[in-house]
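Dear colleague,

I am passing on the structure we talked about, and below it you will find my notes on what turned up when I went through the contacts. Please have it open while you read.

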Amino acid sequence: MTSQEVRLCGLLLREHFGDVVEKVGTHLLKSGAQNLRTIIHETGISLDLVKKSLCVLVQHGACVFSPGRKGRGSPTEYVASCDRILRILRYPRYIYTAKTLYGDTGELIIEELLQRGHMTLSNTVKTVADRLTQNMEEGHSMDYSEVSSAFSKLVETHFLQRCPPPAGAGSKDSTTEPTPESFPDCYKMPHVTLVGRGKRQLSTEDGEEQRNAKKARLAIEVGTHGDEGIYWQVNLERFHLHFRDQTIISAVANKLDQTSSEIVRTMLRMSEVTTSPAATCTKPLSANEIFRSLPSGYNIPRPILDQYLTLLVDDPMEFVGKAGESGGGMFVVNLDRALANLARATLESVVQERFGSRSARIFRLLLRKRHLEQKQVEDFAMIPAKEAKEMLYTLLSQNLVQLQEIPKTADFAPSRTFYLYTVNQLPTARMLLQNCYKTVANLIERRLFESKESKRLLEKSQRIEAILASLQASGAEPEQLTEVEEMITAPEKQQLDALRLHINKLDSAENQVDETIFLLESYINSTASSTS
Amino acid sequence: MSDVKVKRETNLSDPADIESRIKELCQQFPHGITDQVIQNDMPHLEPQQRAMAINKLLSLGQLDLLRNSSGLLYRLKDTQSTSKMKGSDNQEKLVYQIIEDAGNKGIWSRDIRFKSNLPLTEINKILKNLESKKLIKAVKSVAASKKKVYMLYNLQPDRSVTGGAWYSDQDFESEFVEVLNQQCFKFLQSKAEVARDSKQSPMVQRNSSFATSHEVWKYICELGISKVDLSMDDIETILNTLIYDGKVEMTIIAAKEGTVGSVDGQMKLYRGVNPIIQPTGLVKTPCGLCPVFDDCHEGGEISPSNCIYMMEWLDF
């Protein structure tokens, strides 16, 4: 839990859940496992609010509770998980992926589940159907069965999973929290009969009464669907695997050509549910299987497919490897090597953009040749001595390049020691990851600052919009509308537009940096687990 | 008349005759004669006289004194070099010999001092003398620009001293290297494009996008952008820099001996490639490129709220 991560988590919690949850969350992150009494004491917040914040955090999976460490009878302790909170940054990407794969219905299901944390199937279906009906034309409404089928599709491909049952107070010696995967019914759809259609929300006059009536109805209806207690959550790991596959496919498309990337996409699709998340490579697939599973649009003859596979195996990037000869050749996708190559390309691109292409040349040279003396660096990179020296020292001061001393004598006399420059990929990746966290935190703070600066203007524009909406609803004349619109002067309108542009830019920048974060995190996790 | 064999009696006590006899012997044995040989030839010569004659010849510079495993060797010196050294004294000859031994790599003045055990002032005087007589020259080394190495006047300095094709007058020619770099890359890129557009089977496409180092070398020579002759090794160093730029990849294949361009039964093939990812998200934000990134925190002089880079970036 580095300070940058804690700062970023604090900002994300404040934006999504409010100040109180932020205080409790950051306190838990900084101090590790604590019980309720200690939290109340140290944050100075009242018992009520602390309980509610903890509920919110548990609901979203950001906090887990476990029996106290001092043995039975000691109060339960709460631990906040930094990783889960950082995932909040990635919600837009999850929702967008669901939209591309399963359409609007899938998008709304994922969005609802991300916002609520855990929900039952019936609840989700109803809410999503209602929302979809809102946006449809008059007279049409969304059928529950469509939403249910979309839901079951998501479960089949493991994008949604059941929440594990909570570890009871009297649970046995399982000291570790059971993962959702260890629960056998993780992906089983419950037998639920849901018949009905989405309800359109009526106009605002009757809004209040409608809402109360609906609440009462919901309360009754939930009990009748037979799936209470079965809560569903979004399987973030599965989305991560999907993102990783996408990145590998686009890298192959960039390096080779479209057909090779289609072949790799087929291979990855076939091993989607059979490969464990921590595997270093997919299960071997025979060339015959790949040939049969290729999408029908690509009718490439069998020998050509074999040639493509051979080319993929020979490529120095080592995306695909050959694991045997049976079945026309067994091929695997080397996931960890692909991730290492992608991480290396990320590091190189950062050095290139930040310091120029000659420094990037030196950086790549050191990555390939591991350890080099200064003179050798100058010779290989064909850069004049003075400039090469300057670039090396800049990179060294930014900690992207390390110096290794090899002494000739027992005292490290400078004239009798070899000084070798080297690049270590894993520590450099970690350092860049922390930089990414800091960057995102900076972007969020800037966004909040910009909104705060123009708070008065924003409030004014909101008031005007509200007046306009009410006037329109009550059927006013055009002159009245224009009169109201003119209450915002032209420069103010310009300012508002500029503000909107800024905030959009900052938002999209956050998403872009999140892509880098994802790559670096996957690389670090895959390397760390393989070396441990 | 009696046939009296006139014995050619050499007046053995005449030093000049002894010397000329020794010289004749040397000429007979161009590889050098030992003391033993002289003794055999003139057995009645006393060692003292022999030594005197040899010393005289040595000081005149007509004999070379060498040592081999069995003893001392005397060799007739080349007359041309003898004329050169006329008028020089022993110390100069010694220094000259040391420089000659250094060959075309040259030797530094401090090393001359070590080898000859002469004091520095003497060395400097001798070197100046020899330079004015145009027997040696000083060449500036490219490794350390203040260091001067001395070598014989008519020798070509070695590549390691002048730096080879990339250095002209001690200056690294970076523009020349850049131009070569770009030309090679364009050549490989166009070859790859032609291969891709040919729409043949993928194996053929890939193989035709490769170029051997020999082909690239021929292309560059024909372009004629280089004033100096470039060898295939030079071109390979340029191609290596392209690999370090990430624009080109290399494979080595086994080739039959005798095919054009193969070295030790291998050929190096180069191919232009595309980068595997677009510039990463971090560098699309001002923070990714910020020079004062480490000093920035909320509430400080440099903070996200008052960052000038962000302001410019947002208004872009």
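The notes below take the contact between the two chains and then a contact between two domains.

Please keep in mind that this is a predicted model. Chain B brings 50 residues to its contact with chain A, which in turn brings 52 residues, and the area buried between the two chains is about 4,700 Å², with 63% of that coming from carbon and sulfur atoms. Three residues, B:Tyr244, B:Ile276 and B:Leu314, supply 18% of the area that chain B buries against chain A, more than any other three residues.

Three salt bridges were found across this interface, one of them between the side chains of A:Arg361 and B:Asp245, at 3.0 Å from N to O, and there are also 18 residue pairs in polar contact. On the side of chain B that touches chain A, the largest share, five residues, comes from α12(B), and the residues of that side divide into 27 nonpolar, 14 polar and nine charged.

Within chain A, which is divided into five domains, among them domain 2 (87–167 + 184–199 + 226–234) and domain 5 (428–530), these two meet through five residues of domain 2 and eight residues of domain 5. The area buried between them is about 600 Å², of which carbon and sulfur atoms give 47%, and A:Leu89, A:Arg90 and A:Arg93 together account for 85% of what the domain 2 side buries. Three salt bridges cross this interface as well, including that of A:Arg87 with A:Glu521, whose closest N and O atoms are 3.4 Å apart.

With best wishes

Definitions and conventions. Residues are numbered from 1 along each chain as its sequence is written. Chains are lettered from A and ligands numbered from 1 in the order in which they are written. This is a predicted model: local features need pLDDT of at least 70, side-chain atom pairs count only at pLDDT 80 or more; totals for chains, interfaces and linings use all residues. Side-chain values use heavy atoms; hydrogens and water are left out. Contact means heavy atoms within 4.5 Å. Buried area is the accessible area (1.4 Å probe) that two parts lose on being put together, summed over both. A salt bridge is a side-chain nitrogen of Lys or Arg within 4 Å of a carboxyl oxygen of Asp or Glu. A polar contact is a pair of N or O atoms within 3.5 Å; within protein, one must be able to donate a hydrogen and the other to accept it, and residues adjacent in sequence count only if both atoms are side-chain atoms. Helices (H or I, at least four residues) and strands (E, at least two) are DSSP runs, numbered from the N terminus. Ala, Val, Leu, Ile, Met, Phe, Trp, Tyr, Cys and Pro count as nonpolar, Asp, Glu, Lys and Arg as charged, and the others, Gly among them, as polar. Domain bounds come from an automatic or database domain assignment.
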